[in-house]
Structures are given as structure tokens and as C-alpha cells.
Amino acid sequence: MTVEEALLIVERVLEQGCLNKVQELVFRQAWEGQSYGDIAKSSGYDMGYIKDTGSKLWQLLSKALGEKITKANAQSVLKRCARQIYATAALSDTTVTSQVKNPQAYQSCFTTHTSTTDRVTANQFQDWGEAIDVSVFFGRVEELNRLEQWIVVERCRLVMLLGMGGMGKTALSVKLAERIQEHFDYVIWRSLRNAPPLKELTAELIQFISRGQETNLPETVDGRISHLIHYLRQHRCLLVLDNAESILRGGERTTFYQEGYEEYGEFLRRLGEERHNSCLVLTSREKPKELAAQEGLTSPVRSLQLTGLPTVEGQKIFQSRWFFLGSESEWGAVIKHYAGNPLALKMVAPVIRDLFDSDVSKFLSLLEQGTLVFDDIRNLLDRQFNRLCSLEKEVMYWLAINREPV
Ligand SMILES: Nc1ncnc2c1ncn2[C@@H]1O[C@H](COP(=O)(O)OP(=O)(O)O)[C@@H](O)[C@H]1O
Ligand SMILES: [Mg+2]
């Protein structure tokens with residue numbers, strides 16, 4: 001059990017939720033076996049103060065858990081407590097939550113919360129369509145900083161977020177739009193999953209930005225693109241188009257459009273090339289060929305290839321919903337095995353929970369043998385197969401074929 005996992009338990013059982021700074025310091029260092037004297041020395045606090053903080057902390061914990069906890073037995077009691085809470089609860093969301101005295105504090109340790117209603121009411125010129133809820137979102141700090149720099153400071157006109165399925169493109173696009181929305185007069189988020197004809201999409205965008213005032217929509221797609229660009233010049237708009245792969249057909253070297261969707265090529269080319277004050281953020285598994293030619297380090301067209309989450313954030317994906325036992329190196333190995341793909345990690349989490357008693361090392365030892373896990377994952381997911389969406393099925397397939405030993 002790592003100190004991070006122990007802290008989760010502590011924060012879950014304590015009424016006050018998260019520990020204060022000094023309590024956490026004492027807890028962490030005591031967990032690593034340091035004496036109060038060592039803690040005082042390394043932190044610069046007075047020894048009496050550290051001792052007092054420690055003793056109050058153990059008292060609080062003893063009260064919350066109903067048994068005597070001291071600096072000496074804290075590790076063994078918390079390990080036992082963790083097993084009891086999570087094993088007996090059969091780990092359904094509701095049971096775990098009901099056993100936690102302060103579930104909000106527990107959640108807030110992981111999340112930054114923005115509700116959908118906040119987003120919609122914050123600005124009347126926002127339309128978030130089917131944008132997903134990203135209140136549980138970890139890491140991606142560098143990516144968000146870089147994207148903000150490109151869009152807000154360097155005023156890029158078209159930015160692509162690229163990456164394999166499940167890597168977090170959709171989630172990142174929503175998080176990004178939430179973060180930079182204040183720099184725009186209009187924000188509109190749309191999924192291209194159902195491959196809307198460009199003629200309809202441009203009409204919808206024009207209607208939105210003109211606030212329903214546009215009565216003379218051009219008949220041709222070209223005319224509508226020009227009209228839209230006229231509005232994008234007048235107002236600073238953030239357009240997010242998710243799932244652009246739905247209109248693409250992957251080729252060997254370049255990516256072409258699905259039959260009937262070739263006009264999107266012209267649309268993207270013009271939005272990247274012509275002068276306007278807005279930004280289109282496009283997420284896709286593949287890069288449209290027009291944009292490959294336009295992008296560059298100093299060009300207003302850029303792309304960001306999304307890679308997997310690092311261990312710390314990958315671990316949070318697991319632990320935000322259930323408790324798991326694992327050492328740092330074991331976590332590192334599991335997350336590396338699934339390339340830090342958030343969707344893959346989300347799908348593997350219940351497998352480890354249900355089939356391996358939430359014990360990462362048990363899962364890893366089978367993963368290393370490269371045998372059982374493949375069938376187990378498949379069987380478990382097979383049962384749920386009909387409920388999975390197509391992206392999940394694809395990631396499941398990827399999980400199934402990704403059988404390399406860690
Ligand atoms: N940084 C993150 N923190 C927490 N969950 C994430 C993160 N990125 C993605 N997810 C979750 O992983 C799943 C897959 O992400 P998604 O954005 O749909 O991937 P993609 O669009 O690349 O296929 C979603 O359930 C999403 O909420
Ligand atoms: Mg997506």
C-alpha cells in the first residue's frame with residue numbers, strides 16, 4: 001500500500017475530508033517510518049508542534065475507525081481497513097460512497113468541478129451540444145497550457161487534437177473550451193460522429209453566430225463557407241468539431257474523405273488559410289490531408305498528437321472510483337502496458353477489481369505470463385458487449401490483441 005493510497009483512506013474516513021498541510025506532512029513522513037524528531041528537523045517545525053499534530057491525528061483516526069491507532073500500528077490498521085471497506089462493499093459505486101463519511105471531500109481530492117448548467121448559463125452565446133461532462137479529469141496540464149498559448153496568445157485559426165481512440169481527445173477538447181471560453185464571443189461544440197452533411201453544419205453554425213438573424217443562406221456549400229467565414233471575421237468564435245474521423249477515410253499515406261464528404265476538405269482548408277478572428281478545434285484519429293500541408297511550427301494551423309497519461313494520472317483514473325492495492329512500480333507497469341490510454345484504463349479497472357480482488361500485483365503476475373488475462377478480459381467484457389458503444393468495442397479489441405508481456 002502506498003502512502004497516497006493510505007491518504008485516500010484517511011481522507012475518506014475523516015469527517016473533515018482532506019488533511020491540512022501539517023497533518024499531511026506528519027502522516028506522510030510517519031508512514032515512511034520517520035520519527036517526530038526527524039520530521040521536525042526536515043520540515044523546520046517545532047518538535048512539540050509536530051508531536052502534538054501527530055497525536056491529534058491518531059486520535060481523530062482512532063475515533064473515526066473505532067479502534068486505537070498509533071504511529072506504530074497505523075500501517076497495519078489502515079491496510080486492514082482498506083480491505084474491509086472495499087472488499088465487502090463488492091465495490092459498487094453506491095455502497096462505497098455510502099461507507100464514506102465524507103464522499104464530497106473524497107471526490108474533491110480528485111476533481112475540479114464545473115457543471116453543465118454552469119457552462120450553459122455562464123454565457124448566452126454558448127452551445128455545448130453533446131459535450132461530455134469533464135468534472136473528473138486528471139493531468140494534461142502541459143497540453144492545456146500549450147493549446148491555450150496557441151489559440152489565445154498566438155491566435156491560431158485551426159488546431160487539431162489527434163490520437164488513437166480512447167486517448168482523451170474529446171475530454172481534452174471540452175476541458176480546453178471550458179478553460180478558454182472567456183476569450184470568445186461565441187463557443188460552439190459539435191460532434192461529427194453522425195457525419196452531418198457540410199451544407200447542414202454550415203447552416204447551423206451561421207444561424208447560431210447570427211443569432212437566428214440570417215435569412216439569406218446561400219444555396220451552395222461554397223457560398224455557405226464564405227458566409228460563415230464572414231461571421232468568423234466579425235466575431236471571435238471558438239468552434240470545436242469532435243470526431244472528425246467520421247468523415248474521413250484512412251489511406252496509406254494521406255487521409256481522404258468519405259464519399260460525399262469531400263467538401264469538408266475545402267471547408268478545413270479555407271478555415272485554416274483565410275483571415276478571420278476565430279479558431280476551429282478539430283479532434284480526429286487521423287489527420288486530414290489538406291491540413292497536413294498547411295500546418296507548421298509558426299503557421300496558424302497546428303496539431304497536437306495526444307499520447308497516454310503518465311503513471312500518476314493513470315492511477316487516479318483507477319482510484320477515483322474504487323480502491324486498489326499496488327506499489328508504485330506495479331502501477332507504472334499496468335499503465336505502461338495500456339499506453340496510458342484513459343479509456344483502456346477505465347475498462348481494465350473493473351476487471352482488476354472483480355477478478356483480482358483489486359490487487360494490481362495479482363493482475364500483473366498474470367499479465368506477465370501473457371495468458372489468462374486475455375480470456376478473462378474478453379469474457380468479462382463479452383458479457384457487457386451489447387452495452388458497449390462502438391469506441392469501447394474498438395478499445396476492447398485493442399486490449400485483447402495487446403498481449404505483449406509488460
Ligand atoms: N485526462 C483524463 N482524466 C480522466 N478521464 C479521462 C481523461 N481523458 C479521458 N478520460 C476519459 O476516458 C474516456 C475516453 O476519453 P475520450 O475523450 O472519449 O477519448 P477519445 O475522444 O480520444 O476517444 C472518457 O470516458 C473520458 O472521460
Ligand atoms: Mg472522442
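**View 1. Contact of helix 3 with helix 4 in the predicted model.** From helix 3, the residues Tyr36, Gly37, Ile39, Ala40 and Ser43 take part; they meet Met47, Ile50, Lys51, Gly54, Ser55 and Trp58 of helix 4. Sorted by kind, the residues of this contact are six nonpolar, four polar and one charged. Helix 3 covers residues 36-43 and helix 4 covers residues 47-65. Their axes come within 9 Å and cross at roughly 125°. At that angle, helix 3 and helix 4 are oblique to each other. The crossing of these two helices is right-handed.

**View 2. The open sheet of six strands.** The strands follow the order 1-3-4-7-2-8, and their pairing is parallel. Strand 1 (126-127) and strand 8 (301-305) are the edge strands, each pairing on one side only. Strand 7 is joined to strand 2 on one hand and to strand 4 on the other.

**View 3. Strand 7 and its bridges to strand 2 and strand 4.** Strand 7 spans residues 279-284. Strand 2 (residues 158-162) runs parallel to strand 7, and five bridges join the two. In this pair, valine 159 has valine 281 of strand 7 as its bridge partner. Strand 4 (residues 237-242) also runs parallel to strand 7, and is joined to that strand by four bridges. Here leucine 238 stands opposite cysteine 279 of strand 7, and leucine 241 stands opposite leucine 282 of strand 7.

**View 4. Side chains of strand 7.** Cys279, Val281 and Thr283 point one way from the strand. Leu280, Leu282 and Ser284 point the other way. All of these residues are buried. Strand 7 is thus described as mostly covered, with six of its six residues buried.

**View 5. Helix 10 and helix 13 against the strands.** Helix 10 (residues 169-180) lies across strand 2, strand 3 (186-191), strand 4 and strand 7. Relative to strand 4, helix 10 runs at about 170°. Helix 13 (residues 263-273) lies across strand 2, strand 4, strand 7 and strand 8. Relative to strand 7, helix 13 runs at about 135°.

**View 6. Surroundings of alanine 171.** Alanine 171 is located in helix 10. This alanine has a relative accessibility of 17% and therefore counts as buried, the limit being under 20%. Leaving aside residues up to four places away in sequence, alanine 171 touches Ile132, Val134 and Phe137. Alanine 131 is 40 residues from alanine 171 in sequence, while the C-alpha atoms of the two are 8.4 Å apart in space.

**View 7. Packing of helix 12 with helix 13.** Helix 12 (residues 221-234) packs with helix 13 at an angle of about 25°, and their axes are 11 Å apart. This makes helix 12 roughly parallel to helix 13. Helix 12 passes helix 13 in a right-handed crossing. On the side of helix 12, the contact involves Val221, Asp222, Ile225, Ser226, Leu228, Ile229 and Leu232. These meet Glu263, Glu266, Phe267, Arg270 and Leu271 in helix 13. The residues of this contact divide into seven nonpolar, one polar and four charged.

Conventions. Residues are numbered from 1 along each chain as its sequence is written. Chains are lettered from A and ligands numbered from 1 in the order in which they are written. This is a predicted model: local features need pLDDT of at least 70, side-chain atom pairs count only at pLDDT 80 or more; totals for chains, interfaces and linings use all residues. Side-chain values use heavy atoms; hydrogens and water are left out. Axes are lines fitted to C-alpha atoms, for helices over the stretch in contact, and angles run from 0 to 180 degrees between N-to-C directions. Angles under 35 degrees count as roughly parallel, over 145 as roughly antiparallel, 65 to 115 as roughly perpendicular and the rest as oblique. A crossing is left-handed if the near helix is turned anticlockwise from the far one by less than a right angle, and right-handed if clockwise. Contact means heavy atoms within 4.5 Å. Ala, Val, Leu, Ile, Met, Phe, Trp, Tyr, Cys and Pro count as nonpolar, Asp, Glu, Lys and Arg as charged, and the others, Gly among them, as polar. Buried means under 20% relative accessible area, exposed over 50%, partly exposed in between (1.4 Å probe, protein chains only). Two strands pair if DSSP finds at least two bridges between them.
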